[in-house]
Amino acid sequence: MTTEGSTTTAITLRKAAKSDGFRLHQLVAQCPPLDPNSMYCNLLQCTHFADTCVAAELDGELVGFISGYIPPQQPDTLFVWQVAVHEKGRGQGLAKRMLKDIVSREVCRDVTHLETTITKDNEASWALFRSFARDLGAGLEFNEHFEKAAHFGGLHDSEFLLRIGPFSQPVT
C-alpha cells in the first residue's frame, strides 16, 4: 500500500493480459539491471504464459511483473523467468507477494518447487528468494548453470540456478 496524505492506494495483483506486453517492455527498461526481452517475447509471456505471470498495478500503472512458466519436463516446478518491480512498488514486499500469488493459483496445484537463475551480484534477488524459501519452510540450493564464457560468450555474468522446495499449498 502507498500512503499520500490521507489517501491510501493498494497495489492490486492480477493475471497477465495481452494488453500488458508493451507495458511490461517499458517496465523492464525502467528496472536495470534486468535484461530486456523483445516486445514480441513480452507479448508471448503475457498471453501464452499468462496463468503463471502476475501483473501488479498502482492507480492503473504497471509497477510490478513476474513472468514464469511450468517447464513441460518438470510439471512440479515453476520457473521464474524475471521479476520486475518499479521504484514506485519497492519497499513493500511486492515481489514476494507476487511470487506467492502465482504459486497459490490453481494452475500451480502440482508445483512443489520453484526455480530461477540469478547472477552472483544480484543481492536483491538473492534476498527475495531466500526470504521466500524461509516463509515456506523450504530448502534452497543453487549451482552455476549458465557460465559466462561457455554460454554467454563472455558478454554476460554467469547465472546460478536456484531451486527452492519442496513446499506445499497454500502459500498465501
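Is Arg 14 buried, exposed or partly exposed? In this predicted model, Arg 14 has a relative accessibility of 26%. A residue has to fall under 20% to be called buried and go over 50% to be called exposed, so Arg 14 ends up in between, as partly exposed.

Before going further into single residues, here is the overall picture. The protein has five helices and nine strands. Reading from the N terminus, the order is β-β-β-α-α-β-β-β-α-β-α-β-α-β. For a chain of 172 residues, a compact globule would be expected to have a radius of gyration near 16 Å, and the protein, at 16 Å, agrees with that. Laid along its principal axes, the set of C-alpha atoms fits a box of roughly 50 × 35 × 30 Å.

What about the inside and the outside? Buried residues account for 45% of the 172. On the outside, about 9,200 Å² is exposed, with carbon and sulfur atoms supplying 52% of that area. Taking contacts with a sequence separation of 6 or more, 63% are between residues 24 or more positions apart. As for charge, there are 16 positive and 21 negative ones, and the mean positions of the two groups are 3 Å apart.

Back to Arg 14, which sits in strand S3, residues 12-15. Its side chain has two polar contacts to look at: one of 2.7 Å with the side chain of Asp 20, and one of 3.3 Å with the side chain of Glu 57. Leaving out residues up to four places away in sequence, Arg 14 touches Asp 20, Arg 23, Cys 53, Val 54, Ala 55, Glu 57 and Arg 105. Gln 73 is another story: it is 59 residues from Arg 14 along the chain, and their C-alpha atoms are 27 Å apart.

His 113 belongs to strand S7, residues 113-119. With a relative accessible area of 13%, His 113 is under the 20% limit and therefore buried. Its side chain makes a polar contact of 2.8 Å with the side chain of Thr 112. Beyond four places in sequence, the residues that His 113 touches include Asp 76, Thr 77 and Leu 78, along with the run from Arg 163 through Ile 164, Gly 165 and Pro 166 to Phe 167.

Pro 166 turns up again when the backbone is checked. Most peptide bonds are trans. The bond from Gly 165 to Pro 166, however, is cis, with omega near 0 degrees, and Pro 166 lies in the segment after strand S9 (159-164). Another cis bond joins Pro 32 and Pro 33, with omega about 10 degrees. Pro 33 is found in the loop between helix H1 (20-29) and helix H2 (39-47).

Phi angles have something to show as well. Most residues other than glycine have a negative phi. Asp 59 has a positive one, near 50 degrees. Asp 59 is in the loop between strand S4 (54-58) and S5, and its relative accessibility of 64% is over the 50% mark, so Asp 59 counts as exposed.

Finally, Pro 75 is in the loop that runs between strand S5 (61-69) and strand S6 (77-85). Pro 75 is exposed because its relative accessible area is 55%, over the 50% cut-off. Not counting residues up to four places away, Pro 75 touches Ile 70, Asp 110 and Val 111. Lys 100 is 25 residues from Pro 75 in sequence, with 18 Å between the C-alpha atoms.

Terms used
Residues are numbered from 1 along each chain as its sequence is written. This is a predicted model: local features need pLDDT of at least 70, side-chain atom pairs count only at pLDDT 80 or more; totals for chains, interfaces and linings use all residues. Side-chain values use heavy atoms; hydrogens and water are left out. Helices (H or I, at least four residues) and strands (E, at least two) are DSSP runs, numbered from the N terminus. The radius of gyration is taken over C-alpha atoms; the globule rule is 2.2 Å times the number of residues to the power 0.38. Buried means under 20% relative accessible area, exposed over 50%, partly exposed in between (1.4 Å probe, protein chains only). Contact means heavy atoms within 4.5 Å. Accessible areas come from the Shrake-Rupley method with a 1.4 Å probe; for residues, only the protein chains shown count as cover. Lys and Arg count as positive and Asp and Glu as negative; His and the chain ends are not counted. The place of a charge is taken as NZ of Lys, CZ of Arg, CG of Asp or CD of Glu. A polar contact is a pair of N or O atoms within 3.5 Å; within protein, one must be able to donate a hydrogen and the other to accept it, and residues adjacent in sequence count only if both atoms are side-chain atoms.
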